[in-house]
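Student: I would like a close look at one small part of this structure. Start there, then work outward to whatever else is worth checking.

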Amino acid sequence: MARRRAIVSGTMRSLLSTLVCVVCMGMQATPIDQLLERIDKGASSKFRIELKKSDRDFFELDQRGSRPVVRGNSWVNIGVGINWYLKYYAGIQLTWNQMTATLPDVLPPVTKRERHETDLTLRYDFNYCTFSYSMPFWDWQRWQQEIDWMALHGVNMPLAVVGEECVWRNMLLRLGYSEQEIGRFIAGPAFLAWWAMNNLEGWGGPLPQSWYQRQEQLQKQILQRMKELGMHPVLPGYCGMVPHDARERLGLNVSDAGLWNGFQRPANLVPTDSRFEEIAALYYEELTKLFGKADYYSMDPFHESSDDATIDYAESGRQLMAAMKRVNPKAIWVVQGWTENPRPAMADALEQGHLLVLDLFSECRPMFGAPSIWNRPEGYGKHQWLFCLLENFGANVGLHGRMDQLLDNFYFMRGESTASLKNCKGIGFTMEGSENNPVMFELMSELPWRPEKFAKEEWLRSYVRARYGADDRSIGEAWQLLGRTIYNCPMGNNQQGPHESIFCGRPSLNNFQASSWSKMKNYYDPASTLRAAQLFLYGAQRLHTSSTADRSAASNLKYDLVDITRQALADQARLQYQHVIADYKSFAIDDFVHSSSRFLQMLLLQDELLATRTEFRLGHWIEPALRCATNDSERRLYEWNARVQITTWGNRYCADTGGLRDYAHKEWQGLLRDFYYVRWKAYFDALLAQMKKLTGPQPELLSGGPNANKTSSELFAMALPQEVKIDWYAMEEPWTLQQNSYAAQPEGDAFEVAAKVLRFLTEKQ
């Protein structure tokens, strides 16, 4: 009997142990537990997570025993609560440069229950451009980190267009297009966004079959994870795009395709055409086969196109909506509020509650009703909309923000009682390029949970504590200075993203902006970023030597040190450039040699500084492109896509005339040394050669020969210094075709190189 009891007892213990394991496994199977484990192994056991039903979006922080409690009415809202706790209790800020941390064995206690609620229930993420400027070569591991970032920052309706090209390939095959014809229509990996937005055909392609297979599988993984977290992915809907030859090829009634910056645009199948329903149904059928149905579909008909009197915009809107509703009667159409879109005639014809507008540039050019050059007095009328932060164009590198204007516009919207403003249902991140200026995205992500307007100065103090795990007077002073200057682009300045680095523009006698569309306008003194860099270095050295902070704080410290010092160096180089040009125009040859040499030294110093962080290395962009390939041919295609996008953007016409060259320029190690330095060195050499030539005899200026008929004014003009003529594209294109290696691994010590840069900038010339 005793032996039998022992056996039974042992069996019970075994069953109990198994049950405990099953329960634990079940608990760890929740998406939040999995997210916590990705942050730090064992982190899920340090929190108590409680999913609670509520009529209102909320998260709550509490304490039970030795474990913090995080409650919320959705997994995403619980994610926000975890992020809030990590930032404001544990001094751990997770962002793109570091999504893991070392949590203490016993977490700091929540001494008083803290609850946050919001009626801004929709939180959107991404711009179509983000998928090409930042994400074209991401793999599942990188996407997994991004989805974790979204959950921690409250995103619950992300745009999900990875693999859209797979849908189109299947659709066009069914319409009778060959693989070769499809290859001439669908763009390459780094240009898919502008193909999807109806701007161009085929550039960067054709895509190999392995690409379609890769992207289909990747999108399925992305959608599964998003849905596990309770997110509502926004799938790409159909708004009428067809190949430009669809009139001849398929007999469709299409609008004139035309050109976009020299590129052939796809045509638009007019939604009122008798075959629109058929083509749209075919698209949605293939989309649903691959990726299922959605609650939201993104469509931007007539994007960046002039008004066309032959188009019935109201009826077009009704037809687009009807095609989407046939797939999912409960689905909502998501459209960008950008320039002329959505056309009022189209929006007015649609029922309330079926259209959701992204007010794409709310912090600068809001269309929702706040003061702005794009102001629509009635906003979006009866339709729901989201307050969005665009922040970055072209994924350009640079400190930039509109803190005051962001806060003013957001709380203006929250405080007004007009019907249109009451229709704001949430916020959105709509950046063209990601992985930059984390301070602005942290600020934006908290706005729905902060009902009362607050002072940015106090928020910045809390930001410093959260980001570096400790207070430091010098670092705090640096951030307050940045908050007053470079992160406070004022109302009325409508530039698109950061001040562009002088290093990145094609050289000329009047360099100001690097790209043609930046609309740059000075608004801060370059001395402010230099002072901020000096203050930050002083404080960072102190924290670095004395702190036992976790790896996220250490990474944030080094990343910001490099980024702020980079900005200071770029701003001082802009001043140095003015010295160079002044010396040239003064014909001071020796001074020109000295000042131009110093400018080139600064450029190479920037390359050395950025080499210390993976995020600022060209290899961080090239290596993922190469990893997408399955053979040498694909490696050449993907690397070419990556190189062209960040330099010439397109062919010679596009680069020289179309206006896109250097639009996606980057201050990156490797690109500075091998591309931008080569341009500037060639330019300064040409100016110097011209100056030296003008010191000797110039027989071409004599009155005889070919100049015999020139006027005295023309001869006089010929005697003046002239802008040198260099075929820049002939210099740039060869680099896009090269295949020399660029490593992503950092080199050098960030503290040492930053100190070296600041010594250089403050030494006597």
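How many bridges join β8 to strand β12, and do the two run parallel or antiparallel?

Tutor: Two bridges join β8 to β12 (residues 267-269), and the strands run antiparallel. Keep in mind that this is a predicted model. One residue pair to display is M241 with its bridge partner N268 in β12.

Now widen the view to the sheet. The strand order is β8-β12-β9, three strands in an open sheet with antiparallel pairing. The edges belong to β8 (241-242) and β9 (254-255). Each has a single partner strand, so one side of each is left without a neighbour in the sheet.

Compare that with another pairing. Strands β13 (residues 296-298) and β14 pair in the parallel sense, over three bridges. Here Y296 has I332 of β14 as its bridge partner. Strand β14 covers residues 332-337, and six of its six residues are buried. It is therefore largely enclosed by the rest of the structure.

Past β14 the chain holds a cis peptide bond. It runs from N341 to P342, with omega near -10°. P342 sits in the loop between β14 and α13 (344-348). A second cis bond links G205 to P206, and there omega is near 0°. P206 lies in the loop from α8 (192-196) to α9 (209-228). Both spots deserve a check, because most residues other than glycine have a negative phi, and most peptide bonds are trans.

Phi has its exceptions here as well. N437 is not a glycine, yet its phi is positive, about 45°. Its loop lies between β17 (424-429) and α16 (438-446). N437 counts as buried, because its relative accessibility is 2%, and the cut-off is under 20%. F587 also has a positive phi, near 60°, and is not a glycine either. Look for F587 in the loop between α20 and α21 (589-610). With a relative accessible area of 31%, F587 is partly exposed.

Helix α20 leads to the core. In soluble globular proteins, nonpolar side chains tend to be buried together. The largest nonpolar core in this model has 252 residues. Within that core, W143, Y238, W479 and W649 touch the most other members. Helix α20 (residues 551-585) supplies the largest share, twelve residues. Take W143 as a worked case. Leaving out residues up to four places away in sequence, W143 touches F126, F131, M135, W138, V162, L218, I222 and M226.

Now turn to a mixed sheet. Four strands form it in the order β1-β3-β2-β4, and this sheet too is open. Its edge strands are β1 (48-51) and β4 (114-118), each pairing on one side only. Neighbouring strands are turned by 15° against each other on average, direction ignored. Between β2 (residues 57-64) and β4 there are five bridges, and these two strands run antiparallel. One bridge to pick out pairs E60 with R115 of β4.

A helix packs on this sheet. It is α3 (residues 75-88), touching β1, β2, β3 (67-72) and β4. The direction of α3 makes about 50° with that of β2.

Helix α3 has a helical neighbour too. Two packed helices are described by the angle between their axes and the distance between the axes. For α2 (residues 31-39) and α3, the axes come within 10 Å and cross at roughly 35°. That crossing is right-handed. From α2, the contact uses P31, I32, L36 and I39. From α3, it uses W75, I78, G79, I82 and L86. By class, this contact has eight nonpolar residues, one polar and no charged ones.

End with a residue outside these packed regions of the tour. K764 is in the segment after α28 (750-762). Its relative accessibility is 83%, so K764 counts as exposed. Measure it against F454 for a sense of span: the two are 310 residues apart in sequence. In space, their C-alpha atoms are 43 Å apart.

Methods. Residues are numbered from 1 along each chain as its sequence is written. This is a predicted model: local features need pLDDT of at least 70, side-chain atom pairs count only at pLDDT 80 or more; totals for chains, interfaces and linings use all residues. Side-chain values use heavy atoms; hydrogens and water are left out. Two strands pair if DSSP finds at least two bridges between them. Axes are lines fitted to C-alpha atoms, for helices over the stretch in contact, and angles run from 0 to 180 degrees between N-to-C directions. Contact means heavy atoms within 4.5 Å. A nonpolar core is a set of buried Ala, Val, Leu, Ile, Met, Phe, Trp, Tyr and Cys residues joined through side-chain atoms within 4.5 Å. Buried means under 20% relative accessible area, exposed over 50%, partly exposed in between (1.4 Å probe, protein chains only). A crossing is left-handed if the near helix is turned anticlockwise from the far one by less than a right angle, and right-handed if clockwise. Ala, Val, Leu, Ile, Met, Phe, Trp, Tyr, Cys and Pro count as nonpolar, Asp, Glu, Lys and Arg as charged, and the others, Gly among them, as polar.
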